[in-house]
Amino acid sequence: MQKQKPLMFGGLIVLGVTCFMSFFCYKNLPIGDDVLTYFEGALTAYLDEFTYTPGERITSVSQVVKEVGFAYRYWSGRMPGYTILFLGKLFPKLVQAAATAVLYSANVFLALQILCKDAKKALSSSLSFLVLFLALYWFRPSQFYTYMWTMVSIYSSSVFLCLLYYKISVVDEKSDMTHRRWIQYGIGFLAGFSHEVISLCMITAVGIHWLAATMQKKQKWTTLVRHAGLFAGYVFCFFAPGNFYRLGQSHDVIDTSLAKRLSASVNIHIKILTGTREAEILFFATLFLAFLAAGILLVKKDRETIAKICLDNAGFAGGGVISILVWALFSGVPEYGLDLWIVMVYLMLFSVIRTIPENIKWRNKPDLQRSLCMFGAVILLGLFVMRFGNEILSYTRIAGERNRLATAAAEAGEKEVVVPRVPENISNQRYALGYLNGQTSYDSIYYCRYYGIRIVIEEQ
């Protein structure tokens, strides 16, 4: 029973976090593309050769197919994401919110499975789950973008597919856990098809591990064929007509030198880890523990453990470098597109920290390790509630009031309705105050059609 407590506690943490984020995302007010993409022809708003006017509201699968096809021809090759994006418009917001929260938790849990090599151990790692979850989905700069269904569909789903593929093709194979080949091909195809940069980072990580295992003669060169699905999906993604059409649009024009873009890419990759006070504290606390563990290993001259850590993390290190380099080739680095980078960095740090118990003679005290982990998780949860409880209640109350007023006024046949402002003293990293308290967006035709009424933001 003692051994089951961390497992049960971890399960409650995952369930609680998922339920909380479902509630938060359900209450969260839609902004920008999340409103725009409810209507046919949304992507034409960003294309020079098209005149944008909102089409019919998306209510059928045939409309979804039409929009996805248009995206592939004129905008992007990220078809799994755009399919999820437009399909989500057929369902109530509650379903979108629940799907968002499940995807968030699944990404963190998958990352921990990769770290722990075991699902039960991953579920028992409640403190690691909370730390990684907060770094990914609460503390990072411009966090509000990652809550958008548009970004969840395109970026978070790509991270999920890539992490899932890494697990079954690298972690499971090392553990002699076999999967049917068609499953690996199918997941690989979707992962490769999901995003040009994120998928390339994962191809790099998988490729480095394959190359290392081959050079060590742990497998044959011919095993490369196992990754045929991943490569095929990436070809369909990269060579999508929309990618090349989009390059000629003013939306993606490149007006700075490669050196400046590379410098900006490095800065943004660092910023996403440390760009808010909370993120900085969390990252440097984790980094400190990793350096402490590494110092102990070096003092003990534990070459075997050091070599194992380096080998296990070589793929993530390579994928991280590729992320910095490849994003520099584009016109800008989207902060909402660096989920996989955050995961890779934290997994590398966690893998070093995990050696501490063994090196301070706690190896034979698993109960103490589990108790400290659960105690740390409880403390972190308590600090979270004290720090953000009032903020969340304040925002969700205002969001609910806005929706209630807009719905009542629309049903009464009124032309416009005045709604309260979102408090200016809450974090602009989690709530896009420029959108939420700015009148320009709410005056646009697609916002008016979405709410069924013109919304007027209360003056200060």
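How many nonpolar, polar and charged residues does the lining of the second largest cavity have? By class, that lining has eight nonpolar, three polar and one charged residues. The model is predicted. This briefing covers the cavities and one pocket, then the cysteines, the aromatic rings and two single residues.

**Cavities**

- The structure holds four cavities of 30 Å³ or more.
- The largest cavity has about 260 Å³ of space. Its lining is made of 22 residues, and Asn28, Pro30, Asp34, Lys93 and Tyr147 are the closest to the centre.
- Helix α5, which covers residues 93–116, gives the largest share of the lining of the largest cavity, with four residues.
- Sorted by class, 15 residues of the lining of the largest cavity are nonpolar, three are polar and four are charged.
- The second largest cavity holds about 60 Å³ of space.
- Residues that line the second largest cavity include Val197, Ile198 and Cys201. Also among them are Trp327, Asp339, Trp341 and Met344.
- Three helices, α10 (196–215), α15 (303–327) and α16 (339–353), each supply at least two residues of the lining of the second largest cavity. The largest share, four residues, comes from α16.

**The second largest pocket**

- About 1000 Å³ of space lies in the second largest pocket.
- Its lining has 40 residues, and those nearest the centre are Arg78, Tyr155, Arg246, His251 and Asp252.
- Several helices each supply at least two residues of this lining, among them α2 (33–36), α4 (79–88) and α8 (149–174). Others that do so include α11 (228–238) and α12 (241–247).
- Helices α10 and α15 each supply at least two residues of the lining of the second largest pocket, and each also supplies at least two residues of the lining of the second largest cavity.
- The lining of the second largest pocket divides into 27 nonpolar, eight polar and five charged residues.

**Cysteines**

- The structure holds zero disulfides.
- Why does cysteine 237 not form a bond with cysteine 162? The sulfur of cysteine 162 is the closest cysteine sulfur to that of cysteine 237, but the two are 9.8 Å apart, which is too far for a bond. A disulfide would need the two sulfur atoms to be within 2.5 Å.
- Cysteine 237 has 0% relative accessibility, so this residue counts as buried.
- For cysteine 310, the closest cysteine sulfur belongs to cysteine 116. The distance between these sulfurs is 19 Å, so they too are too far apart for a bond.

**Aromatic rings**

- The count comes to 46 aromatic pairs.
- One pair is phenylalanine 70 with tyrosine 74: the ring centres are 4.7 Å apart and the planes are at 35 degrees, so the pair is tilted.
- Phenylalanine 70 and tyrosine 74 are four residues apart in helix α3 (residues 61–74), so about one helical turn separates them.
- Phenylalanine 70 is buried, with a relative accessible area of 13%, whereas tyrosine 74 is partly exposed, with a relative accessible area of 26%.
- Another pair is phenylalanine 129 with phenylalanine 133: the ring centres are 6.0 Å apart and the planes are at 20 degrees, so the pair is stacked.
- This second pair is in helix α7 (residues 126–137), where phenylalanine 129 and phenylalanine 133 are four residues apart and therefore separated by about one helical turn. Both phenylalanine 129 and phenylalanine 133 are buried.
- One aromatic cluster is formed by Phe20, Phe24, Trp138, Phe139, Tyr147, Phe384, Phe388, Tyr395 and Tyr431. Tyr147 of this cluster is also one of the lining residues closest to the centre of the largest cavity.

**Two single residues**

- Leucine 103 is in helix α5. Its relative accessibility is 16%, so leucine 103 counts as buried.
- Leaving out residues up to four places away in sequence, leucine 103 touches Val152, Ser156, Ser157 and Phe160.
- Leucine 103 and arginine 397 are 294 residues apart in sequence, and their C-alpha atoms are 25 Å apart in space.
- Asparagine 437 is in the loop between α19 (433–436) and α20 (439–443). The residue is buried, with a relative accessible area of 9%.
- Again leaving out residues up to four places away in sequence, asparagine 437 touches Arg402, Arg421, Val422, Glu424 and Ile457.

Terms used
Residues are numbered from 1 along each chain as its sequence is written. This is a predicted model: local features need pLDDT of at least 70, side-chain atom pairs count only at pLDDT 80 or more; totals for chains, interfaces and linings use all residues. Side-chain values use heavy atoms; hydrogens and water are left out. Buried means under 20% relative accessible area, exposed over 50%, partly exposed in between (1.4 Å probe, protein chains only). Contact means heavy atoms within 4.5 Å. On a 1 Å grid over the protein atoms alone, a cavity is a set of points where a 1.4 Å probe fits but cannot get out, and a pocket is an open set with protein on both sides within 12 Å along at least five of seven lines; lining residues have an atom within 4 Å of a point. Grid points are joined across faces, edges and corners, and a volume is the space filled by probe spheres set on the points. Ala, Val, Leu, Ile, Met, Phe, Trp, Tyr, Cys and Pro count as nonpolar, Asp, Glu, Lys and Arg as charged, and the others, Gly among them, as polar. Rings of Phe, Tyr and Trp (its six-membered ring) pair if their centres lie within 6.5 Å; planes under 30 degrees apart count as stacked, over 60 as edge-to-face and the rest as tilted.
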